[in-house]
Amino acid sequence: MSTANPQTLEWLLNVAIEHEYPVGRAVLMEDAWGNAVYFLVSGWVKVRRISGDDSVALAILGRGDFFGEMAILDESPRSTDVIALSPVNLLSISRERFIQILFKDPQLHHRMLQLMVRRLRQINQRLQIRSSPPAVKLAHTLVSLGESYGQQSSKGKEILNIPFKDLAEVTEIGVAETTKIMEKLHEKGWIIIDSANNIIELVNWKQLINLAAKV
């Protein structure tokens with residue numbers, strides 16, 4: 001929203017509804033897609049695909065990102081939901097109001113297109129590394145999360161201590177492989193898994209980038 005012009009930003013904030021969710025709560029149910037756009041003010045969420053009683057994490061999103069815009073624009077049904085991985089603060093804007101302003105503010109319109117292109121690029125990158133070793137794929141996931149949502153700290157880039165199951169599903173590798181690789185990265189000092197504060201410090205950023213680039 002910060003890329004909208006000041007008048008648009010003021011209008012959006014006036015019509016937005018604020019939501020707070022605890023860890024594990026469903027932020028968006030599968031039958032609610034297309035009703036609103038959601039902006040992540042703080043916290044982390046995962047987007048899941050649902051198939052019967054099973055679910056698979058498709059993406060992990062952090063502060064500054066948003067979701068729900070594609071369902072508004074293409075109006076197709078969704079078999080996905082969104083779950084809070086940490087305490088989450090959201091702003092939602094109804095479908096009607098979002099469409100109303102989207103096509104009146106070229107700056108916001110352009111930003112939405114930029115985001116969609118970025119997401120397509122990320123999908124293409126994931127396809128390109130699909131046959132790469134698990135460590136390369138996991139490093140790519142960590143670097144992507146760090147670049148998109150990481151907070152700078154004295155030790156490096158700081159991200160949420162994301163459950164290994166979710167990391168594994170997003171990376172498309174096994175949970176056992178993910179656990180083994182994360183433990184090895186921790187032992188090598190490339191990352192610090194700080195369970196007490198529920199964060200992962202991406203300490204050796206250069207080495208992680210180098211590993212992720214070994215396609």
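This is a short talk on two sheets, one pair of helices and the largest pocket in the structure shown above.

Let me say at the outset that we are looking at a predicted model, and that every value I quote has been computed from it.

I will start with the sheet that contains strand 1. Here 4 strands make up an open sheet, in the order 1-8-3-6, with antiparallel pairing. Strand 1, residues 17-21, and strand 6, residues 66-67, are the edge strands, and each of them pairs on one side only. If we follow strand 1 to its partner, strand 8, which covers residues 88-94, we find the two running antiparallel and joined by 5 bridges. To fix that register on the screen, look for Tyr 21, which stands opposite Val 88 of strand 8.

The other sheet is also open, and its 4 strands, again with antiparallel pairing, follow the order 9-10-12-11. Strand 9, at 151-152, and strand 11, at 191-194, stand at its edges with a single partner strand each, and therefore one side of each has no neighbour in the sheet. The partner of strand 11 is strand 12, residues 199-202, and this antiparallel pair is held over 4 bridges; within it, Ile 193 has Ile 200 of strand 12 as its bridge partner.

Turning now to the helices, I would like to pick out helix 5 and helix 8, whose axes come within 8 Å and cross at roughly 130°. An angle counts as roughly antiparallel only over 145 degrees, so helix 5 is classed as oblique to helix 8. As for the hand of this crossing, helix 5 passes helix 8 in the left-handed sense.

Both of those helices return in the last part, which concerns the largest pocket. The space in this pocket comes to about 1300 Å³. Its lining has 43 residues, and those closest to the centre are Ala 59, Arg 119, Gln 122, Ile 123 and Arg 126.

Which elements give two or more residues to that lining? On the strand side they are strand 4 (45-51) and strand 5 (54-61), while the helices are helix 2 (69-74), helix 4 (106-128), helix 5 (134-149), helix 6 (164-171) and helix 8 (205-212). Among these, helix 4 provides the largest share, with 10 residues.

Finally, for anyone thinking about the chemical character of the lining, the division by class is 22 nonpolar, 10 polar and 11 charged residues.

Technical notes
Residues are numbered from 1 along each chain as its sequence is written. This is a predicted model: local features need pLDDT of at least 70, side-chain atom pairs count only at pLDDT 80 or more; totals for chains, interfaces and linings use all residues. Side-chain values use heavy atoms; hydrogens and water are left out. Two strands pair if DSSP finds at least two bridges between them. On a 1 Å grid over the protein atoms alone, a cavity is a set of points where a 1.4 Å probe fits but cannot get out, and a pocket is an open set with protein on both sides within 12 Å along at least five of seven lines; lining residues have an atom within 4 Å of a point. Grid points are joined across faces, edges and corners, and a volume is the space filled by probe spheres set on the points. Ala, Val, Leu, Ile, Met, Phe, Trp, Tyr, Cys and Pro count as nonpolar, Asp, Glu, Lys and Arg as charged, and the others, Gly among them, as polar. Axes are lines fitted to C-alpha atoms, for helices over the stretch in contact, and angles run from 0 to 180 degrees between N-to-C directions. Angles under 35 degrees count as roughly parallel, over 145 as roughly antiparallel, 65 to 115 as roughly perpendicular and the rest as oblique. A crossing is left-handed if the near helix is turned anticlockwise from the far one by less than a right angle, and right-handed if clockwise.
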